[in-house]
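Let's take a friendly walk through a protein fold together. Have a look at the picture below, and then we will go through it piece by piece.

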Amino acid sequence: LDDSLKALFDGGQTYETFLEEADRRKAMWDANTEKAEVSEGLLARAQAVGGTWHLLAVAVDGCSDSANTIPYLAALSQAVEGLDLRIIDSRAGRALMEAHPTPDGRAATPTVLLLDAAFAEAGAFIERPAPLQEWATAHRDDLTADEYLTQKFAWYDEDLGATTMLEVIDLMEAAASGN
């Protein structure tokens with residue numbers, strides 16, 4: 001599988017290329033890319049991990065969760081030496097999504113695998129940050145589609161990718177320490 005993960009990574013797009021080609025939710029992608037900054041604290045933690053890491057993201061431009069997480073992971077990968085990001089579409093990444101379902105059993109974008117220097121899987125970030133995923137699971141059926149999206153986007157706009165970056169750094173720290 002590590003060979004296939006390396007092949008998927010090598011065949012993936014850089015964030016810059018993905019962003020250039022994105023045409024759905026373009027304003028959201030551009031706005032989040034513009035806002036994406038890595039705090040000094042998160043940057044220090046990520047740099048302290050050291051080593052070589054790869055983020056293999058299954059994402060599509062029409063997915064609002066992708067548009068609210070991937071720009072921040074791109075900023076993190078640009079800021080941290082030894083951390084690289086590649087993006088593949090949901091067709092190429094279908095098996096990865098199915099192998100890493102959401103808590104309610106769905107294959108979803110984004111699915112982001114943390115790979116070590118040898119392209120072995122070391123962790124996964126699925127769909128959205130844990131606090132938002134818990135909120136979504138609890139409230140999805142109580143709200144109209146508009147209310148749900150308004151509240152979800154408000155959470156993302158307030159968080160500015162901090163929780164997404166924190167969860168990926170947590171994965172890196174755990175993998176580096178052998179957990």
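## Ground rules

Two strands count as paired if DSSP finds at least two bridges between them. Helices (H or I, at least four residues) and strands (E, at least two) are DSSP runs, numbered from the N terminus.

This is a predicted model, in which local features need pLDDT of at least 70, side-chain atom pairs count only at pLDDT 80 or more, and totals for chains, interfaces and linings use all residues. Residues are numbered from 1 along each chain as its sequence is written, and side-chain values use heavy atoms, with hydrogens and water left out.

## The sheet

Start with the sheet: 4 strands make an open sheet with mixed pairing, in the order 2-1-3-4. Strand 2 (83-88) and strand 4 (121-126) are the edge strands, each pairing on one side only. On average, neighbouring strands of this sheet are turned by 20° against each other, direction ignored; here axes are lines fitted to C-alpha atoms, for helices over the stretch in contact, and angles run from 0 to 180 degrees between N-to-C directions.

Strands of a sheet pair through backbone hydrogen bonds, either parallel or antiparallel. Where is each kind found here? Strand 1 (residues 53-58) pairs with strand 2 in the parallel sense, over 6 bridges. Along this pair, Trp53 stands opposite Leu83, and Val58 stands opposite Ile88. Strand 1 also pairs with strand 3, this time in the antiparallel sense over 5 bridges, with Leu115 as the bridge partner of His54.

Strand 3 and strand 4 are antiparallel too, over 5 bridges, and Leu115 of strand 3 stands opposite Glu121 of strand 4. These two strands form a hairpin with 5 residues between them, and Phe119 in the turn has a positive phi of about 70°.

## What is covered up

Buried means under 20% relative accessible area, exposed means over 50%, and partly exposed lies in between (1.4 Å probe, protein chains only). Strand 2 is largely enclosed by the rest of the structure, because 5 of its 6 residues are buried. In strand 3, 5 of its 5 residues are buried.

In a regular strand the side chains alternate between the two faces of the sheet. Strand 3 lets you see this: Thr111, Leu113 and Leu115 point one way, while Val112 and Leu114 point the other way.

## A helix across the strands

Helix 6 (residues 70-79) lies across strand 1, strand 2 and strand 3 (111-115), and it runs at about 150° to strand 2. Ser77 sits in this helix and is buried, at a relative accessible area of 13%. Which residues does Ser77 contact, leaving aside its neighbours within four places in sequence? They are Leu83, Asp84 and Leu85, where contact means heavy atoms within 4.5 Å.

Just before the helix, look for Asn68 in the loop between helix 5 and helix 6. Asn68 is buried, with a relative accessible area of 3%. Leaving aside neighbours within four places in sequence, Asn68 is in contact with Met28, Asn32, Phe153 and Tyr156.

## Backbone surprises

Most residues other than glycine have a negative phi, and most peptide bonds are trans. Now compare some places in this model. The peptide bond from Thr109 to Pro110 is cis, with omega near -5°, and Pro110 lies in the loop between helix 7 (94-99) and strand 3.

Glu127, in the loop between strand 4 and helix 8, has a positive phi, near 70°. Leu160 has a positive phi as well, near 50°, and belongs to the loop between helix 9 and helix 10 (162-176). Are these two residues buried or exposed, or partly so? Glu127 counts as buried at 4% relative accessibility, whereas Leu160 is partly exposed at 35%.

## A loop residue with many contacts

Val60 is in the loop between strand 1 and helix 5, and counts as partly exposed at 23% relative accessibility. Not counting residues up to four places away in sequence, Val60 touches Phe18, Trp29, Ser66, Ser90 and Thr109. The C-alpha atoms of Val60 and Ile87 are 8.8 Å apart, although 27 residues separate them along the chain.
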